[in-house]
Amino acid sequence: MWKKLLRRTKKRLVKKSPAAAHFKNHQAAARLLIHERLAHFAPLCGVTYTRVAVRNQRRRWGSCSSLGNLNFNYRLVFLPAHLCDYVIVHELCHLKELNHGPNFWAEVEKVMPEYKASEAELRVIEKKFGAVVSQHAYTETSYFGQLAKRLMVV
Ligand SMILES: [Zn+2]
């Protein structure tokens, strides 16, 4: 009886979490966007990738494991287009150089010569939103807004 009640309460709590709901509502859009940009930039970076995960992670925009698995924050859909692209290129270049040494940055610069400005812009956004971009930044001009428009005209 108590166990049943506890299980039910737990279920309700999960359902009610606004963070979980936000992730659920935007995960599909994020996946669509991230896969589209990965497919675009991977040949430009000269890499191939296999496993991609789109997650609700608090502290990182993206990461790359030593096994070559790419992880991305679903909040990328709320970033301006060029910043989302920068995160994508950054992680793809980690498939070549799994560090932040001069060779890594040279790879990023080849594909994205203006990457330093994007890096700085990201830091500003992180300060403003506490490392996490909230739904307040989700507008018509956000990346997903633009992608949606592009998909409609094609
Ligand atoms: Zn990095």
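Begin by selecting helix α3 (residues 81–94) and helix α4 (residues 102–111) in this predicted model. Their axes cross at roughly 135° and come within 9 Å, and α3 and α4 are therefore oblique to each other. The crossing is right-handed. To display the contact itself, show the side chains of Val-89, His-90 and Cys-93 on α3, together with Phe-104, Glu-107, Val-108 and Val-111 on α4. By class, five residues of this contact are nonpolar, one is polar and one is charged.

Keep α3 selected and add the strands on which it lies: α3 extends across β2 and β3, at about 10° to β2.

Next, display the whole sheet. The sheet is open, with three strands in the order β1-β3-β2 and mixed pairing. At its edges stand β1 (52–55) and β2 (62–64); each has a single partner strand, so one side of each is left without a neighbour in the sheet. Ignoring direction, neighbouring strands are turned by 15° against each other on average.

Now focus on β1 and β3 (residues 70–73), which run parallel and are joined by four bridges. Within this pair, select Ala-53, which stands opposite Asn-71 in β3. Then add helix α2 (residues 18–45), which packs on the sheet and touches β1 and β3. The direction of α2 makes about 145° with that of β1.

Finally, return to the full protein, which has six helices and three strands in the sequence pattern α-α-β-β-β-α-α-α-α. Colouring by burial would mark 25% of the 154 residues as buried. Among contacts with a separation of 6 or more, 60% involve residues 24 or more positions apart.

Definitions and conventions: Residues are numbered from 1 along each chain as its sequence is written. This is a predicted model: local features need pLDDT of at least 70, side-chain atom pairs count only at pLDDT 80 or more; totals for chains, interfaces and linings use all residues. Helices (H or I, at least four residues) and strands (E, at least two) are DSSP runs, numbered from the N terminus. A residue is buried if 20 or more other C-beta atoms lie within 10 Å of its own, exposed if 12 or fewer, and partly exposed in between; C-beta atoms are placed from the backbone. Two residues are in contact if their C-beta atoms, placed from the backbone, lie within 7 Å. Axes are lines fitted to C-alpha atoms, for helices over the stretch in contact, and angles run from 0 to 180 degrees between N-to-C directions. Angles under 35 degrees count as roughly parallel, over 145 as roughly antiparallel, 65 to 115 as roughly perpendicular and the rest as oblique. A crossing is left-handed if the near helix is turned anticlockwise from the far one by less than a right angle, and right-handed if clockwise. Ala, Val, Leu, Ile, Met, Phe, Trp, Tyr, Cys and Pro count as nonpolar, Asp, Glu, Lys and Arg as charged, and the others, Gly among them, as polar. Two strands pair if DSSP finds at least two bridges between them.
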